[in-house]
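Work through the exercises below with the structure open. Try each task before reading its solution.

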Amino acid sequence: MPARSHLRFVLNGQDISLADVRPDETLLDFLRLSRRLVGTKEGCAEGDCGACTVLVGRLSKGRLVYEAVNACIRFLGSLDGTHVVTVEHLRGKDGALHPVQQAMVDWHGSQCGFCTPGFVMSLYALWMREPDPSVAQIEKALQGNLCRCTGYEPIVKAARAISSYGALEADFLAAERKTVTARLKKLADGVRVEIGKGKDRLIVPASVDDLAALLKKEPTATIVAGSTDVGLWVTKHMREIAPVVFIGGLEELRTVSVKAGLVTIGAGVSYSEAFGTLAKHIPAFGPLIDRIGGEQVRNMGTIGGNIANGSPIGDTPPPLIALGASLTLRIGGKRRTIPLEDFFIAYGKQDRQPGEFVESISVPVPAKGSFFHVHKITKRRDEDITAALGAFNVVVKGGTVQSARIAYGGMAATPKRAKKVEAALVGKPWSLATVEAALPAYEQDFAPISDMRASAEYRMLAAKNLLKRFHLETTGRKAPVTVTRFQEAVAI
Ligand SMILES: Cc1cc2nc3c(=O)[nH]c(=O)nc-3n(C[C@H](O)[C@H](O)[C@H](O)COP(=O)(O)OP(=O)(O)OC[C@H]3O[C@@H](n4cnc5c(N)ncnc54)[C@H](O)[C@@H]3O)c2cc1C
Ligand code: FES
Ligand code: FES
């Protein structure tokens with residue numbers, strides 16, 4: 001298998017070729033320390049504040065797409081074949097400020113300025129997708145950018161005004177699209193990238209088959225997809241992760257398909273990529289994905305990584321388990337498909353052999369007439385980690401519960417079904433009395449812990465209340481009970 005021993009990408013206008021890259025080197029360190037591109041800031045170094053936001057352009061089915069990402073937790077090794085755009089590259093017509101920058105100036109969107117480059121890059125990414133964004137779209141695009149000074153209103157006003165400062169078609173990245181696409185196509189030579197020696201190596205496989213062969217030989221290598229978990233192992237926990245295998249660039253793992261009532265999601269599909277299909281076929285996923293991290297995290301993080309990390313508070317495993325999803329794992333040329341719920345054995349222990357990797361997840365679309373809802377409980381609405389999350393998939397026929405699959409996150413050492421609660425519901429009328437009678441079964445299903453996110457008592461009460469809420473939503477009220485940005489919560 002031929003291999004290339006240097007990384008190649010385009011940084012702003014420049015072709016970059018690097019033979020000396022540490023496996024855990026972040027893009028932010030490279031920009032600031034090696035290139036002195038210090039417009040990109042370091043705030044939290046954990047993907048929360050957005051001060052480090054840059055754009056990464058990549059070819060997706062031959063089309064160039066730019067996405068906002070967190071440079072602080074993005075590894076340099078994951079950038080082979082991409083176009084990295086930092087705030088220094090932004091420019092308007094004839095040496096003027098870029099429309100996004102000018103809007104931020106005129107609408108007083110900056111005070112101390114530390115967060116400003118990150119906001120500018122996030123808004124630029126939004127503007128490229130949506131030149132006339134609504135307030136809700138702006139808020140969503142800025143969930144991953146924190147500002148301590150402005151109070152956000154001026155920034156939102158600036159965001160709404162960008163198009164009055166210049167047309168998207170006249171933008172410099174739009175004008176360069178053809179040439180950048182051609183440059184990236186030239187970089188895509190289809191060979192493996194391998195840099196470093198011995199344990200201290202980074203590898204970008206050429207294909208999924210190459211990945212399978214590589215992991216069979218090196219089963220202890222760290223797989224990195226979106227790096228929104230692994231990035232923090234390095235920046236916060238100083239963990240050694242080499243050798244590292246970057247799989248984010250494998251287009252074969254970035255496919256979503258819908259066939260015969262089954263949505264199949266490749267392990268490399270990001271939340272942003274999965275959003276459209278999931279929200280269309282399984283609508284409850286739309287609002288859930290909107291509450292995972294901020295835009296930058298959703299552009300990088302994958303559902304495959306959310307499952308493979310085995311966390312008891314990952315947001316996608318409970319709804320996927322409630323829907324009866326299955327997981328396809330691969331080692332070498334061999335594949336096996338298991339029910340997703342069987343993957344989670346115990347805290348920190350998953351049914352994955354050394355050298356095996358997650359290839360895809362298949363999710364049945366809920367049957368017509370069934371109810372499927374998901375509720376995530378956090379201290380803060382946006383960009384917060386789950387205290388408890390409940391997913392409910394219940395079929396009611398003629399007023400009687402035919403089947404129930406209910407799964408929770410944050411209630412046990414793994415994502416887990418509430419099997420005793422399910423049993424207490426099936427065959428009974430779908431009534432408040434049935435729900436009330438099923439509540440004691442929660443004590444048999446779960447013994448949650450207290451931690452910084454919630455006490456055990458809070459978790460237990462919240463879990464029970466979510467079932468009541470689900471019942472109300474499916475029976476008692478015409479409109480679903482939801483908390484939206486512009487509407488006060490309806491008290492239950
Ligand atoms: C600011 C911030 C906010 C966040 N908010 C949320 C949130 O609201 N809800 C939530 O659930 N999570 C959240 N996360 C956590 C994280 O984004 C998710 O867990 C994400 O889905 C991880 O995916 P990834 O591709 O980035 O995984 P990575 O970090 O690349 O990998 C995670 C783990 O999975 C393994 N892995 C990845 N892909 C594979 C594969 N194909 N086969 C085998 N192993 C694999 C890796 O080796 C590693 O152990 C947040 C993270 C950050 C930084
Ligand atoms: S420095 Fe805060 S998100 Fe990267
Ligand atoms: S302007 Fe000071 S942090 Fe945003």
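A polar contact is a pair of N or O atoms within 3.5 Å. The model is predicted.

**Exercise 1. Find which polar atoms of Ala225, Asp229 and Tyr271 lie within that cut-off of ligand 1.**

Step 1. Start with Ala225. A polar backbone atom of Ala225 is 2.7 Å from an oxygen atom of ligand 1.

Step 2. Go to Asp229. Here a polar side-chain atom lies 2.8 Å from a ligand 1 oxygen.

Step 3. Take Tyr271. A polar side-chain atom of Tyr271 lies 2.6 Å from an oxygen atom of ligand 1.

Step 4. Add the cover. Of the 980 Å² of accessible area that ligand 1 has on its own, the protein covers 95%.

**Exercise 2. Describe the shell around ligand 1.**

Step 1. Count the residues. Ligand 1 is surrounded by 36 residues, and Ile223 and Thr302 are among the closest.

Step 2. Sort them. The shell holds 16 nonpolar, 11 polar and nine charged residues.

Step 3. Assign elements. Strands S9 (222–224) and S17 (357–364) each supply at least two shell residues, and so do helices H8 (230–235) and H12 (303–308).

**Exercise 3. Place S9 in its sheet.**

Step 1. Read the order. Five strands form an open, mixed sheet, S1-S7-S8-S10-S9.

Step 2. Find the edges. S1 (3–4) and S9 each have a single partner strand, so one side of each lacks a neighbour in the sheet.

Step 3. Check the pairing. S9 and S10 (residues 244–246) run parallel, joined by three bridges. Val224 stands opposite Phe246 in S10.

Step 4. Add the helix. H7 (residues 208–217) lies across S7, S8, S9 and S10, at about 170° to S10.

Conventions. Residues are numbered from 1 along each chain as its sequence is written. Chains are lettered from A and ligands numbered from 1 in the order in which they are written. This is a predicted model: local features need pLDDT of at least 70, side-chain atom pairs count only at pLDDT 80 or more; totals for chains, interfaces and linings use all residues. Side-chain values use heavy atoms; hydrogens and water are left out. A residue is near a molecule or strand if one of its heavy atoms lies within 4 Å of it. A polar contact is a pair of N or O atoms within 3.5 Å; within protein, one must be able to donate a hydrogen and the other to accept it, and residues adjacent in sequence count only if both atoms are side-chain atoms. Accessible areas come from the Shrake-Rupley method with a 1.4 Å probe; for residues, only the protein chains shown count as cover. Helices (H or I, at least four residues) and strands (E, at least two) are DSSP runs, numbered from the N terminus. Ala, Val, Leu, Ile, Met, Phe, Trp, Tyr, Cys and Pro count as nonpolar, Asp, Glu, Lys and Arg as charged, and the others, Gly among them, as polar. Two strands pair if DSSP finds at least two bridges between them. Contact means heavy atoms within 4.5 Å. Axes are lines fitted to C-alpha atoms, for helices over the stretch in contact, and angles run from 0 to 180 degrees between N-to-C directions.
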